[in-house]
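Hi there,

Here is the structure I promised to pass on to you. Have a look at it first, and then read on for what turned up.

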Amino acid sequence: MKLASLKNNTRDGQLVVVNKNLTKAVIVSDIANTMQQALDNWGQIAPLLKEVYFQLNNNEIEDTIDFKQEDCESPLPRAFQWADGSAYVNHVELVRKARGAEMPETFWTDPLMYQGGSDAFIGPRDNIDVASTDYGIDFESEVAVITDDVPMAATAQECQDHIKLLMLVNDVSLRNLIPAELAKGFGFFGSKPSSAFSPVAVTPDELEGHWDGKKLHLPLTTHLNGELFGQPNCGVDMTFDFPTIVAHAAKTRPLTAGCIVGSGTISNYDRSAGSSCLAEKRMLEIVADGKPTTPFMQFGDQVRIEMFDSNGDSIFGAIDQQVTEYKK
């Protein structure tokens, strides 16, 4: 099942069911007006939405609308929780190696996670507004899951059953603001502006065997200014799988329905597939040549993040954004 939230001049958008090939949609206000309403009562509402999805794909519904990805909010335009992990520890290891820092052994056994701002996500085709290119503008191509209510201290095995939807993420980072912010010892804030998520969120069964309940075994493709930047496989070199990082988030608190948990930047040890952020490419250049040559994003640059199934069809739609100068 594929779900989206269309822009409708409200904070939370209009929930729609989208067909498999992302061309048609059905407004389902008689079932739920918003994605959050559906998640709040997922056990009762999901079967109703699934029936609409079945009918839509079988051309049994007349009252449809053309689905346009540019009309979408992020599936959850705002969320009660956005917790982003760093599940690909080889990425962290590389970043630390480039600056000559040893990585603590605990990084391989205890997941890294930060709590991001979730009150104002931007749409998958919205501009990335930034006040200055001095901030070091970077994209981060990731996968995220959405949960229903997760009890505090739930085990990883238990958390597997609480994963209800998956989507893609551009977790925008302002790299030049990060060092001073982390040096304060209190974590990210200003260096992590609004994130954007894919036009549609999909249920695990929609991934047709590429989702094993823990990892998504498909490449995540990123283009920068129309040129392929990277397509590492999400199921390879993932140190902490999704149930594990959801359990980490729930260790000392319950997670409310609609909680989003991200994977962190997708990264493979085999660098031939490219990278999912500029920082990693720059780190590789530092390791190889002693200095980076790839610049961070400038105004006018465009990033496109997308995942394709075995037939080459887009699963989630595309995050396609341009960096623009923010002016009051």
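**Helix H2 and its buried side**

In helix H2, the buried residues are Trp42, Ile45, Ala46, Leu49, Val52, Tyr53 and Leu56. They share one side of H2, because the arc they cover around the axis is only 125 degrees. The general rule behind such a pattern is that an α-helix has 3.6 residues a turn, so residues three or four places apart point the same way. Please keep in mind throughout that this is a predicted model.

What do the buried residues of H2 pack against? Their partners are four strands and one helix, namely strand E1 (2-6), strand E2 (14-18), strand E3 (24-27), strand E10 (163-170) and helix H1 (35-40). On the face turned away from the buried side, H2 carries the exposed residues Gly43 and Gln44.

The length of H2 also works out. Its 16 residues (42-57) should span 22 Å at 1.5 Å a residue, and the end C-alpha atoms are 21 Å apart, so the two agree. After H2 comes Asn59, which has a positive phi, near 55 degrees.

**Helix H7**

You can read helix H7 in a similar way. H7 runs over residues 278-289 and has 12 residues. From its first C-alpha to its last, H7 reaches 16 Å, close to the 16 Å expected at 1.5 Å a residue. Its buried residues are Leu278, Ala279, Glu280, Arg282, Met283 and Glu285. Gly290 follows H7, and its phi is positive too, near 90 degrees.

**Salt bridges**

How many salt bridges does a search of the whole structure find? The search gives 14. As background, side chains of opposite charge can pair when their charged atoms come close.

One of these pairs is Glu208 with Lys20, where the closest N and O atoms are 2.9 Å apart. Glu208 sits in the loop between strand E13 (201-202) and strand E14 (221-224), while Lys20 sits in the loop between E2 and E3, so this salt bridge ties together parts that are 188 residues apart in sequence. Lys20 counts as partly exposed because its relative accessibility is 36%.

Arg304 is worth a look as well, with two partners to follow. Its side chain meets that of Glu306 in a salt bridge (3.2 Å, N to O). Arg304 also forms a salt bridge with Asp320, with the closest N and O atoms 2.6 Å apart. That second pair links distant parts of the chain, since Arg304 is in strand E17 (residues 302-306) and Asp320 is in strand E18 (residues 319-325), 16 residues apart. Arg304 is partly exposed at 30% relative accessibility, whereas Glu306 is buried at 9% and Asp320 is buried at 15%.

There is a network too: salt bridges link Asp138, Glu140, Asp171, Arg175 and Lys192.

**A buried acid without a salt bridge**

Last comes Asp241, in the loop between strand E15 (227-230) and helix H6 (242-249). Asp241 is buried, yet it has no salt bridge. Which side chain of opposite charge is nearest to Asp241? That is Lys214, 4.6 Å away, and a salt bridge needs the nitrogen and the oxygen within 4 Å. Leaving aside residues up to four places away in sequence, Asp241 touches Lys214 and Lys215. The side chain of Asp241 does make a polar contact with the side chain of Thr244, at 2.7 Å.

Happy browsing, and best wishes!

Key
Residues numbered from 1 in each chain as written. Predicted model: local features only at pLDDT ≥ 70, side-chain atom pairs only at ≥ 80, totals over all residues. Heavy atoms only, no water. Helix = DSSP H or I, 4+ residues; strand = E, 2+ residues; numbered from the N terminus. Buried < 20%, exposed > 50% of the residue type's maximum accessible area, 1.4 Å probe, protein only. Lys, Arg positive; Asp, Glu negative; His and termini not counted. Polar contact = N/O pair within 3.5 Å; in protein donor to acceptor, adjacent residues only side chain to side chain. Contact = heavy atoms within 4.5 Å. Expected span 1.5 Å × (residues − 1). Arc of directions from axis to C-beta.
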